[in-house]
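Student: Can you walk me through this model? I'd like to start with how the chain is divided up.

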Amino acid sequence: MPYGSAAVAARGLRLPPLPTIRDLVKLYKLQAIKQMSQNFLMDERLTDKIVKSAGRITNNDVVLEVGPGPGGITRSILRRNPSKIILVEKDRRFLPTLELLQECAKPLGVQMDIHQADILRFPMEEHVPDISQKLHLIGNLPFAISTRLLINWFKDLSLRQGAFRRNDTTMTLTFQKEVAERICAPLGSDQRCRLSIMSQIWTEPKLKFIIPGKAFVPKPDVDVGVVTLIPLKQPKTDIPFDVVERVNRHIFSMRQKYCRRGYSRLFPEEQRDETTYEMFEEAEVESTLRPFQLSVEECLRLTEVYWQFIQKNPEVAKYDHRGPKAIKQEEEVFVDY
Ligand code: SAM
């Protein structure tokens with residue numbers, strides 16, 4: 001264990017001298033592309049702080065970084081001395097700067113795999129190890145895909161697949177500040193929404209710290225929140241993910257109204273009022289609460305009674321109050337998370 005001493009754990013590995021990220025960006029003319037949500041972090045103290053939020057990384061662990069870009073966070077990960085780093089970057093312009101880090105990683109005994117790929121289509125099971133090694137997912141995420149990616153990962157977590165074949169895969173991710181606050185929003189908070197519920201069913205999310213927009217190059221219009229999401233040892237439900245997603249989407253579809261209003265639209269009009277009444281009675285939930293006043297457990301009780309109902313009435317599972325265009329709109333489900 002040449003680099004695994006307690007001193008290394010405390011201070012991190014020393015990397016050989018490297019050009020600064022700022023110089024590399026200049027040297028390789030890596031102007032940020034807006035469509036790829038590129039905002040770079042140049043400050044080593046901040047990238048170290050993000051990686052530190054991931055908790056202890058041992059030299060048997062694997063870290064997968066989403067969107068390493070020029071490699072600022074990657075350097076901080078490398079200093080934590082994991083056994084392997086997997087980089088998934090869509091923009092091929094960053095390959096030379098990442099290959100430079102790959103060369104540094106070799107003599108340190110850290111394996112670094114670079115994949116030029118879209119994380120939304122990345123076949124995790126082919127590339128992340130079996131369950132013998134703990135996995136950390138880290139990323140200064142592209143804003144454009146961050147919520148979609150998180151929801152995809154919750155689905156994987158619920159199915160124990162992909163990156164979540166072990167139940168201790170940690171996520172340390174950045175989001176626009178408002179999204180970070182919504183993920184962690186407690187009961188009754190103004191920011192409480194279905195993303196809060198979905199996050200808190202399968203994980204314990206924590207907003208670790210805020211990075212001001214001005215720390216990024218180029219500066220985004222918003223500040224950024226660093227969130228850790230630790231999978232719950234015991235998920236709060238085993239109802240199929242899509243059912244949980246559907247029910248909570250309906251509950252939160254009318255934020256300012258009584259929660260029964262959005263929920264009722266799960267049912268065809270002719271039976272809507274009666275069935276909704278029965279569901280709330282059975283779930284023992286007060287139907288005049290606003291969605292943001294519902295606890296995760298109450299949302300799940302409403303999901304449970306709906307789940308039982310559609311097993312007896314399968315035709316209702318396909319019902320969509322929005323009519324024939326619904327399937328197309330379903331694809332846009334992430335827009336309003
Ligand atoms: N990690 C770098 C940093 O902190 O300076 C860059 C962060 S930048 C906000 C987001 C990065 O994700 C960019 O490098 C961008 O090219 C990459 N990216 C964008 N969409 C992606 C996708 N679908 N899959 C993988 N990487 C993506």
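Tutor: The domain bounds used here come from an automatic or database domain assignment. The model itself is predicted.

Student: Which domains does the assignment give for the protein chain?

Tutor: Domain 1 covers 6–231, and domain 2 covers 241–332. Their C-alpha centres are 34 Å apart. In the contact, 17 residues come from domain 1 and 16 residues from domain 2.

Student: What area is buried between domain 1 and domain 2?

Tutor: About 1400 Å², with carbon and sulfur atoms giving 69% of that. On the domain 1 side, R192, R194 and I197 lose the most area to domain 2, and together they make up 37% of what that side buries.

Student: And how many salt bridges does the rule find across that interface?

Tutor: Two salt bridges cross the interface of domain 1 and domain 2. R194 pairs with E245 in a salt bridge, where the closest N and O atoms are 3.0 Å apart. Residue pairs in polar contact between the two domains number six, counting pairs with both residues at pLDDT 80 or more.

Student: Which elements give two or more residues to the side of domain 1 that touches domain 2?

Tutor: Those are α7 (143–159) and α9 (194–202). Of the two, α9 gives the largest share of that side, with six residues.

Student: Let's move to domain 2. Where is H250, and is it buried or exposed?

Tutor: H250 sits in helix α10, residues 241–251. The relative accessible area of H250 is 4%, so H250 counts as buried. Leaving out residues up to four places away in sequence, H250 touches G262, Y263, R265, L266 and H321.

Student: What about the loop before α10? Where does P240 lie?

Tutor: P240 lies in the loop between β9 and α10. P240 is partly exposed, at 35% relative accessibility. K236 is also in the loop between β9 and α10, and its partner E297 is in helix α13 (residues 296–312), 61 residues apart. K236 and E297 form a salt bridge, with the closest N and O atoms 3.9 Å apart. K236 is partly exposed at 41%, and E297 is partly exposed at 41%.

Student: How many salt bridges does a search of the whole structure find?

Tutor: The search finds 17 salt bridges. One of them joins the side chains of K84 and D113, at 3.4 Å from N to O. That pair links distant parts of the chain, with K84 in strand β3 and D113 in strand β4 (residues 111–116), 29 residues apart.

Student: Are K84 and D113 buried or exposed?

Tutor: Both K84 and D113 are buried. For another salt bridge, take K206 and E204, whose side chains meet at 3.7 Å, N to O. K206 is partly exposed at 42% relative accessibility, and E204 is partly exposed at 40%. There is also a network of salt bridges that share partners, joining E44, D48 and R79.

Student: Switching to cysteines. How many disulfides does a search of the whole structure find?

Tutor: Zero.

Student: Why is there no bond between C184 and C193?

Tutor: The sulfur of C184 has its closest cysteine sulfur in C193, and the 11 Å between them is too far for a bond. A disulfide would need the two sulfur atoms within 2.5 Å. C193 is buried, at 9% relative accessibility.

Student: C184 is in α8, right? Which residues of helix α8 are buried?

Tutor: The buried residues of helix α8 (residues 177–184) are V179, A180, E181, I183 and C184. Their cover includes α7, β6 (170–176), α9, β7 (203–211) and β9 (224–231).

Student: Last topic, backbone oddities. Which residues does a cis peptide bond join?

Tutor: V217 and P218, with omega about -10°. P218 is in the loop between β8 (216–217) and β9.

Student: And what is the phi of N81?

Tutor: N81 has a positive phi of about 60°, although it is not a glycine. N81 is in the loop between α4 (72–79) and β3 (84–89), and it is buried, with a relative accessible area of 6%. R160, another residue other than glycine, has a positive phi near 50°. R160 is in the loop between α7 and β6, and it is partly exposed at 30% relative accessibility.

Technical notes:
Residues numbered from 1 in each chain as written. Predicted model: local features only at pLDDT ≥ 70, side-chain atom pairs only at ≥ 80, totals over all residues. Heavy atoms only, no water. Buried < 20%, exposed > 50% of the residue type's maximum accessible area, 1.4 Å probe, protein only. Contact = heavy atoms within 4.5 Å. Buried area = accessible area lost by both parts, 1.4 Å probe. Salt bridge = Lys/Arg side-chain N within 4 Å of Asp/Glu carboxyl O. Polar contact = N/O pair within 3.5 Å; in protein donor to acceptor, adjacent residues only side chain to side chain. Helix = DSSP H or I, 4+ residues; strand = E, 2+ residues; numbered from the N terminus.
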